[in-house]
Amino acid sequence: MSKPRLNIVIASTRPGRIGPAVAEWFRAFADKHGAFDARLVDLLDFDLPVYNEPKHPIMQDYAHDHTRRWSQSVAAGDAFAFVTPEYNFNPPPALVNAINYVYKEWNYKPAGFVSYGGASGGLRAVQTAKLLLTTLRMVPIVEGVMVPMAWEHLGEDGRFLSNDKIDPSATAMLNELARWAPVLKTMREPEAVAA
């Protein structure tokens, strides 16, 4: 039986971002954890404009190639880890836009957050994002990874350097995602809809 797929979404698209370094560390950590087929998904690669589909996302009748590519990426995930900074107490606009691009592709999937920032470690952005996820029938889990003063965790080569305060939270989050992913998958199966 294949492992559930964990899409690790890099939420920041701005130049100079440290999200890819944090996400690379988390992907390697998830690989060692072993419960998931962990994949990096960089929003920058999708180049999504501000939402420009003429029809509501619930219809899944997409006019643009960028939306179809994004839809396929989201649909392939069984669980999500959003690696996100905090902008003015909120998630980055690129993440909010990407989440709103599709609807059914998100349904009945668990999500966790690897947040980073200043003193709050991005926690305020996570709370706001969780409200959005619940409207998509996702299950945002309680466990998460929080990295305060994230720039202090970068090595000279730009790699993210974790520590014994961060690693246990990553393990707890992956454990919880691994509990939810198979249960929610049954809710996405056709017979669950017919019941």
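Q: In which sense do E4 and strand E5 pair, and over how many bridges?
A: Strand E5, made up of residues 139–140, pairs with E4 in the parallel sense over 2 bridges, and I should add at once that this is a predicted model. Within that pairing, Ala-111 has Pro-140 of E5 as its bridge partner.

Q: And what about E4 and E6, how many bridges join them?
A: E4 and E6 run parallel and are joined by 3 bridges, with Ser-115 having Met-146 in E6 as its bridge partner.

Q: E3 and E4 pair as well, so over how many bridges?
A: There are 5 bridges between E3 and E4, again in the parallel sense, and one of the pairs puts Phe-82 opposite its bridge partner in E4, Phe-113. Between these two strands the chain passes through helix H4 (residues 93–101), giving a β-α-β crossover from E3 to E4 that is right-handed.

Q: How many of the residues of E4 are buried?
A: E4 is mostly covered, with 7 of its 7 residues buried. Pro-110, Gly-112, Val-114 and Tyr-116 point one way from the strand, whereas Ala-111, Phe-113 and Ser-115 point the other way, and residues on both sides are buried.

Q: Switching to E1 and E2, how many bridges join them?
A: Strand E1 (residues 5–10) and strand E2 (residues 37–42) run parallel and are joined by 6 bridges. Here too the chain makes a right-handed β-α-β crossover, leaving E1, passing through H1 and arriving at E2. As for individual partners, Asn-7 has Arg-39 as its bridge partner in E2.

Q: Which residues touch the most other members in the largest nonpolar core?
A: That core has 29 residues, and the ones touching the most other members are Leu-6, Ile-8, Trp-25, Phe-26, Val-114, Val-145 and Met-173. Two or more residues come from each of E1, H1, strand E3 (79–84), strand E4 (110–116), strand E6 (145–147) and helix H6 (167–188).

Q: Where does the largest share of this core come from?
A: From H1, which supplies 7 residues, the largest share.

Q: What is Phe-26 in contact with, leaving aside its neighbours within four places in sequence?
A: With those neighbours set aside, Phe-26 is in contact with Leu-6, Ile-8, Ala-81, Val-114, Val-145, Ala-170, Met-173 and Leu-174. There is also a second, separate core of 25 residues, with Trp-70, Phe-82, Trp-106 and Ala-111 among its members.

Q: Is Ser-169 buried or exposed?
A: Ser-169 sits in helix H6 and has a relative accessible area of 19%, so it counts as buried, the cut-off being under 20%. A polar atom of the Ser-169 side chain lies 2.6 Å from the backbone oxygen of Ile-166. Apart from its neighbours within four places in sequence, Ser-169 is in contact with Gly-144 and Val-145.

Q: Now the charged residues: how many salt bridges does a search of the whole structure find?
A: The search finds 9 salt bridges. One of them joins the side chains of Arg-27 and Glu-24, at 3.5 Å from N to O.

Q: How many residues apart are Arg-27 and Glu-24 in helix H1?
A: They are 3 residues apart in helix H1 (residues 19–33), and therefore separated by about one helical turn. Arg-27 is partly exposed, with a relative accessibility of 24%, and Glu-24, at 39%, is likewise counted as partly exposed.

Q: What about the salt bridge of Arg-68 and Asp-65, how many Å from N to O?
A: The side chains of Arg-68 and Asp-65 meet at 2.6 Å, N to O, and both residues belong to helix H3 (residues 65–76), where they are 3 residues apart, about one turn of the helix. Arg-68 is partly exposed, its relative accessible area being 34%, while Asp-65 is exposed, with 55%.

Q: Which residue forms a salt bridge with Asp-157?
A: Arg-159 does, with 2.8 Å between the closest N and O atoms, and both Asp-157 and Arg-159 are exposed. Coming back to H1 for the last point, Glu-24, Arg-27 and Asp-31 are joined into one network by salt bridges that share partners.

Notes:
Residues numbered from 1 in each chain as written. Predicted model: local features only at pLDDT ≥ 70, side-chain atom pairs only at ≥ 80, totals over all residues. Heavy atoms only, no water. Salt bridge = Lys/Arg side-chain N within 4 Å of Asp/Glu carboxyl O. Helix = DSSP H or I, 4+ residues; strand = E, 2+ residues; numbered from the N terminus. Buried < 20%, exposed > 50% of the residue type's maximum accessible area, 1.4 Å probe, protein only. Pairing = 2+ DSSP bridges. Right-handed = clockwise from strand over helix to strand, strands pointing away. Core = buried A, V, L, I, M, F, W, Y, C linked by side-chain atoms within 4.5 Å. Contact = heavy atoms within 4.5 Å. Polar contact = N/O pair within 3.5 Å; in protein donor to acceptor, adjacent residues only side chain to side chain.
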